[in-house]
Amino acid sequence: MVDSARSGASLPGGFLPSAAPRPIDAQTAVTVFVGAWLVAQIVASVVVAVLAGSDSSSDPAFSVTVVALAGAWTTYLVAMWTTSQRAGSGSMTADYGFWFRWVDVLGLGVGVLGNLVLIRLVYLPLEAIWPATFSDDRLNENARDLVDRASGSSTVLLVLVVVIGAPVVEELFYRGLLQRSLASRFNEGAVLVVVAFVFAVVHFRPIEIPGLFVIGLVFGFAALRSGRLGPAIMIHAGFNATGLLLAL
């Protein structure tokens, strides 16, 4: 999905929208977002309960985690596709700004710097005040747990999930569906902050909220400034890849 021109002319496979459609109604987007998120949590919980069995009270095997994520992400994508068909132009590329330009590759470097520099700056004062709570070990605990549970060929799957799957699906869901629709109706700055906050909170790790909120602002700003998801996805991918490498 590479945008080689600004003209909006369609490329084979529909990589570019032929015209910029009217954004999906904000109320519809919020309803779909909340509904899809709730259903996704149920789907993921059922998958873990069924596949993990009696071990569901402890950390599930990595394969179970991947299947649960796949179920949740499929829920998001189906909801977005259905919404595009019924309330949008019928093209997820056009409705959610899901296209790229070659320059977006530079976003990988931005994501690396975001993880190594920006996030460090966010947590420096927090670590100084609460050293036990915001230590590097605590911050990397979640990523390290994933790395520990993935071994052998599963490591390749881990990279695909963290570096490709998560950036694409999450940016489509948070910035493509929610932010893009809300920004068409409300103040962009306020929408940017709200969506970044939601993005941070729903990861359910209080210690990660400050960092995820700040990097969420970066993802959101990139999407708003460019009018598409390519830059945000690349920044997100670089950010996640760096976090994964730091956990090794």
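How far apart should the ends of helix H1 be, given its 27 residues, and what does the structure show? Keep this in mind while opening the model, which is a predicted one.

**The whole chain**

Start with everything displayed. The protein chain has 10 helices and two strands, and along the sequence they follow the pattern β-α-α-α-β-α-α-α-α-α-α-α. Of the 248 residues in the chain, 45% are buried. Among contacts between residues at least 6 apart in sequence, 73% join residues at least 24 apart.

**Helix H1**

Select residues 26-52, which form H1. At 1.5 Å a residue, this helix should span 39 Å; its end C-alpha atoms are 38 Å apart, so the two values agree.

At the N-terminal end, add Asp25 to the selection. Asp25 caps H1, with a side-chain oxygen 3.1 Å from the backbone nitrogen of Gln27.

Next, colour the buried residues of H1, including Ala29, Val32, Phe33, Ala36, Trp37 and Ala40. Farther along the helix, Ala44, Val47, Val48 and Ala52 are buried as well. An α-helix has 3.6 residues a turn, so residues three or four places apart point the same way. To see what lies against the buried residues of H1, show helix H2 (62-87), helix H7 (154-183) and helix H8 (188-201).

**After H2: Ser91**

Follow the chain out of H2 to Ser91, in the loop that leads to helix H3 (92-96). Ser91 has 25% relative accessibility and counts as partly exposed. Now pick Trp81, 10 residues away from Ser91 along the chain: the C-alpha atoms of the two are separated by 8.1 Å.

**The pair H9 and H10**

Select residues 209-226 for helix H9 and residues 230-247 for helix H10. Their axes come within 8 Å and cross at roughly 155°. An angle over 145 degrees counts as roughly antiparallel, and H9 and H10 are therefore roughly antiparallel to each other.

Which residues meet where H9 and H10 touch? From H9 they are Ile215, Val218, Phe219, Ala222, Ala223 and Ser226; from H10, Pro231, Ala232, Ile235, His236 and Phe239. The residues of this contact divide into nine nonpolar, two polar and no charged.

**The loop between them: Arg228**

Finish at Arg228, in the loop between H9 and H10. Is Arg228 buried or exposed? Its relative accessible area is 7%, so Arg228 is buried. Show its surroundings: leaving out residues up to four places away in sequence, Arg228 touches Gly97, Trp99, Phe100, Arg101, Val103, Asp104, Arg180, Ala222 and Ala223. Ala222 and Ala223 also appear in the contact of H9 with H10.

Methods:
Residues numbered from 1 in each chain as written. Predicted model: local features only at pLDDT ≥ 70, side-chain atom pairs only at ≥ 80, totals over all residues. Heavy atoms only, no water. Helix = DSSP H or I, 4+ residues; strand = E, 2+ residues; numbered from the N terminus. Expected span 1.5 Å × (residues − 1). Buried < 20%, exposed > 50% of the residue type's maximum accessible area, 1.4 Å probe, protein only. Contact = heavy atoms within 4.5 Å. Polar contact = N/O pair within 3.5 Å; in protein donor to acceptor, adjacent residues only side chain to side chain. Axes fitted to C-alpha atoms, helices over the stretch in contact; angles between N-to-C directions. Parallel < 35°, antiparallel > 145°, perpendicular 65-115°, else oblique. Nonpolar A, V, L, I, M, F, W, Y, C, P; charged D, E, K, R; others polar.
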